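Dear colleague,

Please find the structure below, handed over for your own reading. A short account of what was found in it follows.

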Amino acid sequence: MLLRMSSLFVRTLREAPADAELPGHQALVRSGYIRRAGSGLFSWLPLGYRVLRNVERIVREEMDRIAQEVHFPALLPKEPYEATGRWEEYGDNLFRLVDRRGNDHLLGPTHEELFTLAVKDLYSSYKDLPLSLYQIQTKYRDEARPRAGLLRGREFLMKDSYSFDLDDDGLEASYQAHRDAYIATFDRLGLEYVIVSAMSGAMGGSRSEEFLCPTPVGEDTFVRSPGGYAANAEAVVTVVPDAAPIDEAPPAHVEDTPDTPTIETLVAVANDRFPREDRPWVAADTLKNVVLMLTHPDGTRTPLIIGLPGDRDVDLKRLEAHLAPAEVAPFTDADFAAHPTLVKGYIGPQVLGADSASGIRYLVDPRIVAGTRWVTGANEPGRHVFDLTCGRDFTPDGTIEAAEIRAGDPAPDGSGPLELARGIEIGHIFQLGRKYADALGLQVQDEQGKLVTVTMGSYGIGVSRAVAAIAETTVDELGLCWPAGIAPADVHLVLAGKADDIVAGAERLAAELVEAGCTVLFDDRLKERPGVKFKDAELIGVPHIVVVGKGLAEGTVEIKDRASGQRDDVGVDDAVTEIVRRVGAAR
RNA sequence: CGGGAUGUGGCGCAGCUUGGUAGCGCACCUGCUUUGGGAGCAGGGGGUCGCCGGUUCGAAUCCGGCCAUCCCGACCA
């Protein structure tokens, strides 16, 4: 394959458009790989489309080992999504449209419904399972705020697959097969990744892991421990301290603490009027009770109070992940008026809990275990209670992971402090269970002739996003820098000069490389000066840059490694062999 | 959806305060010179200044409304 720069549909830009923020995105636009077509919409130009297809090819090759490829419509009828409730649940993120007959349609954000129905359509026996199907399809989400170029567009290319099994063991095997396939895929893509435990989110289901590509420009926060534990921030499990003996705790006592509606003021007053002997009071000694109002999918509202150490804020994402599908809102003044037992700023757990005076459900941070002693509200203005002991003076209804995660928190695997990092979600695998099969009636007969509901898994790889992730993690000050196999070409051959023998030499080398099986991007432009071509070659980021120019007089051409910048002169007669060797080695 | 900002040739920007009929760099076209790190000189093409309305003899500039886009947050692959 030979691509001639003289006729390639590309124009490199010296400056990036103002709407491109991330370095990789800027480089993709500057080098003429993609163009913005609208908010969150991108056109793929020849170089970019070659890269996209390379990524797609690798994904497809690895998926073909474990699943069968199909292709379903991107434009979908409403009915299946109504049956599963997602027509409503997806809300404004769903692209909806109406056909000329007035029927509602949607542009698929993901395809669980269609795959489930397709299997239901054709299969009805346990003998047909297990089954895994996948597609590589354009997906649509009407993002509230598209951003970061290809990383969060409104149209994107995604590989999604779905597994169908008779039982939990089968699902686990299908899940594991996908996990292995993803590892192989991302290894081949040359993408660094971390596999983190995740919440399955609004889709329902149990086990779930994300593949995150670590980079500061990523929008997901995750943690990792020295011992290898890694989790999405939403899914981090708090280390539970040992319970302390209750009888050692001094009795609780209520004290006057005027004007202390916040943790900060409370700590100050406590140190001023009730100093500790061993050390000053700190926010972590206090128990903060946050009042929330939950709205359930059926529209009912119930209050919920969350107790957590006073030095921690509630992490809304974590909280909502654990309360889904209920939605969380702060308590309003009207809500306080309706619950007179709650004294704003001085709420204490003595009146909280399903069986208590208020009857309000009370969940606490897992660190609040039996025997721990707290300074907390006395349920009257200007007064707090000290040495209130969990398990003796109050009993929560349960625990909840709602507190923010901090760097340095102990890791669940006991291997040391957690480190916080950012990453791009490039893959997500999870066990859906029977949510969709139930909703859509996907059942097969088992060996006894009994109908059983199929259990499913769902697995995604963001193909266009993977391109962006590779660009963001490999870009340098000169431009793009693709891994072999992803790059739009194997070799970027630069014709540096206009003399007949140089032109002829470069043309011959290009032809020989193509003959040897290389894809060659040949900068044969006679009107451009060498400096421009060198800059363009570095910007475009093909792994091997070969320069045919003034060295030819001494019988050499230059081979440059884009990533390292290493340059080597090799004899003209050895050039093809050496280049092919390098291309082959890199593959 | 809250907060902030911006819309002027393909890209990056100036002009707007103080109204007078649009400019600079890059890119593009022609010619000459140059030719190993985004060349120089000369000439040239391309813009209803986001849209609608208002004020005015006259609006890119002032006023009102709308739209779009980007950034932070909320939300999300």
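Serine 39 places a polar side-chain atom 3.0 Å from a phosphate oxygen of RNA strand B. Please bear in mind throughout that this is a predicted model. Two arginines also approach the RNA with their side chains. In arginine 14, a polar side-chain atom lies 2.4 Å from a sugar or linking oxygen of RNA strand B. In arginine 147, an N or O atom of the side chain is 2.7 Å from a base nitrogen of RNA strand B. Strand E2 (34-38), helix H8 (316-323) and helix H13 (530-540) are the elements that give two or more residues to the surface near RNA strand B. The largest share comes from H13, with eight residues.

The surroundings of the RNA may also be described as a whole. There are 46 residues around RNA strand B, and those that come nearest are Arg14, Arg141, Arg152, Arg529 and Glu538. Sorted by class, the surface near the strand has 25 charged, 14 nonpolar and seven polar residues. Which parts of the RNA lie within 4 Å of the protein? Of those RNA atoms, 47% belong to sugar or phosphate, and the rest belong to bases.

As to the overall division of the protein, chain A has three parts: domain 1 (49-236 + 420-472), domain 2 (246-399) and domain 3 (491-586). Note that domain 1 is written as two separate segments. The centres of domain 2 and domain 3, taken over C-alpha atoms, are 69 Å apart.

I turn next to strand E11, which covers residues 208-214 and contains serine 208. Is serine 208 buried or exposed? Its relative accessible area is 4%, so serine 208 is buried. Its side chain is joined to that of histidine 428 by a polar contact of 2.8 Å.

The cysteines deserve a separate paragraph. A disulfide is a covalent bond between the sulfur atoms of two cysteines. How many disulfides does a search of the whole structure find? The search finds zero. Cysteine 213 is in no disulfide, and the nearest cysteine sulfur, that of cysteine 481, is 14 Å away. Cysteine 213 counts as buried because its relative accessibility is 0%. Cysteine 518 is likewise in no disulfide; for this residue the nearest cysteine sulfur is that of cysteine 481, 18 Å away. Cysteine 518 has a relative accessibility of 3% and therefore counts as buried.

Two pairs of strands complete this account. Strand E26 (residues 491-495) is mostly covered, as five of its five residues are buried. In a regular strand the side chains alternate between the two faces of the sheet. In E26, Val491, Leu493 and Leu495 point one way, while His492 and Val494 point the other way, and all are buried. E26 runs parallel to strand E27 (residues 520-523), and four bridges join the two. Within this pair, histidine 492 has leucine 521 of E27 as its bridge partner.

The other pair consists of strand E29 (residues 556-561) and strand E30 (residues 567-571), which run antiparallel and are joined by five bridges. Here glutamate 558 has aspartate 569 of E30 as its bridge partner. E29 and E30 form a hairpin with five residues between them. In the turn, glycine 565 has a positive phi of about 80 degrees.

With kind regards

Note on methods
Residues are numbered from 1 along each chain as its sequence is written. Chains are lettered from A and ligands numbered from 1 in the order in which they are written. This is a predicted model: local features need pLDDT of at least 70, side-chain atom pairs count only at pLDDT 80 or more; totals for chains, interfaces and linings use all residues. Side-chain values use heavy atoms; hydrogens and water are left out. Domain bounds come from an automatic or database domain assignment. Buried means under 20% relative accessible area, exposed over 50%, partly exposed in between (1.4 Å probe, protein chains only). A polar contact is a pair of N or O atoms within 3.5 Å; within protein, one must be able to donate a hydrogen and the other to accept it, and residues adjacent in sequence count only if both atoms are side-chain atoms. A residue is near a molecule or strand if one of its heavy atoms lies within 4 Å of it. Ala, Val, Leu, Ile, Met, Phe, Trp, Tyr, Cys and Pro count as nonpolar, Asp, Glu, Lys and Arg as charged, and the others, Gly among them, as polar. A disulfide is a pair of cysteine sulfur atoms within 2.5 Å. Two strands pair if DSSP finds at least two bridges between them.
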